[in-house]
Amino acid sequence: MSASPTSADTFARLCRARDRLREVHDRTLTIDEVARDASMSPFQFIRRFTAFFGDTPHQFRIQARVDRARELLALGGHSVTDVCMEVGFSSLGSFSDLFARRVGMPPSAYRRHACAMVTVPGMLPTTLFPGCLLLMPAAFAILEKQAAGAPVTLDA
Amino acid sequence: MKIKLTSVMVDDQAKALKFYTEVFGFVKKRDIPVGIYRWITVVSTEGHADVELALEPNGNPVGKAFQDGLLKQGIPAAAFEVDDIDAEYRRLKSLGVVFTQAPTPQGPVTIAVCADTCGNLIQLYQPPRS
């Protein structure tokens, strides 16, 4: 726990570091390099980043890769192998395993599932990429079904 | 027409529910799975118990860009009122919460800003004592 609030300068460096960790195709970038660019020791960087953003830099980068993979798969036009490479993985097996753990289904199934929902080419389906408050109607419909004792099926 | 629901976008709903209940001290009102996301709302035991705050996934790239833009400019995504901002500041700090601004009087209001660990800055404010 730091004694004083995070300075504007440290905050800006943490935000820049976070942006770098989002550059998913740069697979050679190490956490130590990002820490160095943020003018912190790796230990200090990991501690501050985690306190601020709730994930370690490593966890954050993995999630950024999975998020980008989800977008690319949903947009269609990319094979699972293309997407795997694009988001910085070199092994299709480890990409698929990680994706399945985080998303709940393997990338190939997710791609089929997502593409079936796309109504306007090039637009992400809002069920999978919800915007403001779009989940509410579905949530209340599920509540109502539960109240009526009906089995609940998920639409995504 | 009523104002009964507001929301903050969060990068991870499970992490957000944990932080907003265990650290901020709100109480879970709804938690309904909707596809790969959840409809989660929390309420405050100190305020109007029927006013809900939805912890919305920032799943849409546009939402993510908006959330990120606010954060980088240091703009809080939401503001919560507290009775004793110095006590709240000490309490949250002891739980590991990171502040970008310690309680600072700004005219009649005292303001502090902290990170919610879900990609947002949150403003805490103590209004003038009446």
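Trainee: Against which elements do the buried residues of α3(B) pack?

Mentor: Packing is read from contacts, that is, C-beta atoms, placed from the backbone, within 7 Å. Here, the buried residues of α3(B) pack against α1, β6, β7 (109–115) and β8 (121–126) of chain B. The model is a predicted one, in which local features need pLDDT (the predictor's confidence in each residue, from 0 to 100) of at least 70, side-chain atom pairs count only at pLDDT 80 or more, and totals for chains, interfaces and linings use all residues. Residues are numbered from 1 along each chain as its sequence is written, while chains are lettered from A and ligands numbered from 1 in the order in which they are written.

Trainee: Which residues of helix α3 (residues 85–94) of chain B are buried?

Mentor: A residue is buried with 20 or more other C-beta atoms within 10 Å of its own, exposed with 12 or fewer, and partly exposed in between. In helix α3 of chain B, the buried residues are Ile85(B), Glu88(B), Tyr89(B) and Leu92(B). These residues lie on the same side of α3(B) because they cover an arc of only 105° around the axis, the arc being that of the directions from the helix axis to the C-beta atoms. Ala87(B), Arg90(B) and Ser94(B) are exposed on the other side of α3(B).

Trainee: What backbone feature is found just after α3(B)?

Mentor: Gly96(B), just after α3(B), has a positive phi of about 90°.

Trainee: How many residues are in the largest nonpolar core?

Mentor: A nonpolar core is a set of buried Ala, Val, Leu, Ile, Met, Phe, Trp, Tyr and Cys residues joined through C-beta atoms within 7 Å. The largest has 27 residues, and Ala112(B) and Cys114(B) have the most contacts inside it. Two or more residues come from each of α1 (8–22), α2 (31–37), α3 and α4 (57–75) of chain A, and from each of α3, β7 and β8 of chain B. Beyond its neighbours within four places in sequence, Cys114(B) contacts Leu92(B), Val97(B), Val98(B), Phe99(B), Ile122(B) and Leu124(B). Another core, apart from the largest, has 20 residues, including Val8(B), Leu17(B), Ala54(B) and Leu55(B).

Trainee: How many residues does the contact take from each of chain A and chain B?

Mentor: The contact takes 27 residues from chain A and 31 residues from chain B. On the side of chain B that touches chain A, α2(B) gives the most, with five residues.

Trainee: Which elements of chain A have the lowest and the highest mean pLDDT?

Mentor: Helix α8 (residues 135–147) of chain A has the lowest, 82, and helix α3 (residues 42–53) of chain A the highest, 96. Helices (H or I, at least four residues) and strands (E, at least two) are DSSP runs, numbered from the N terminus. For chain A, the mean pLDDT is 85, with 90% of its residues reaching 70 or more.

Terms used:
Contact = placed C-beta atoms within 7 Å.
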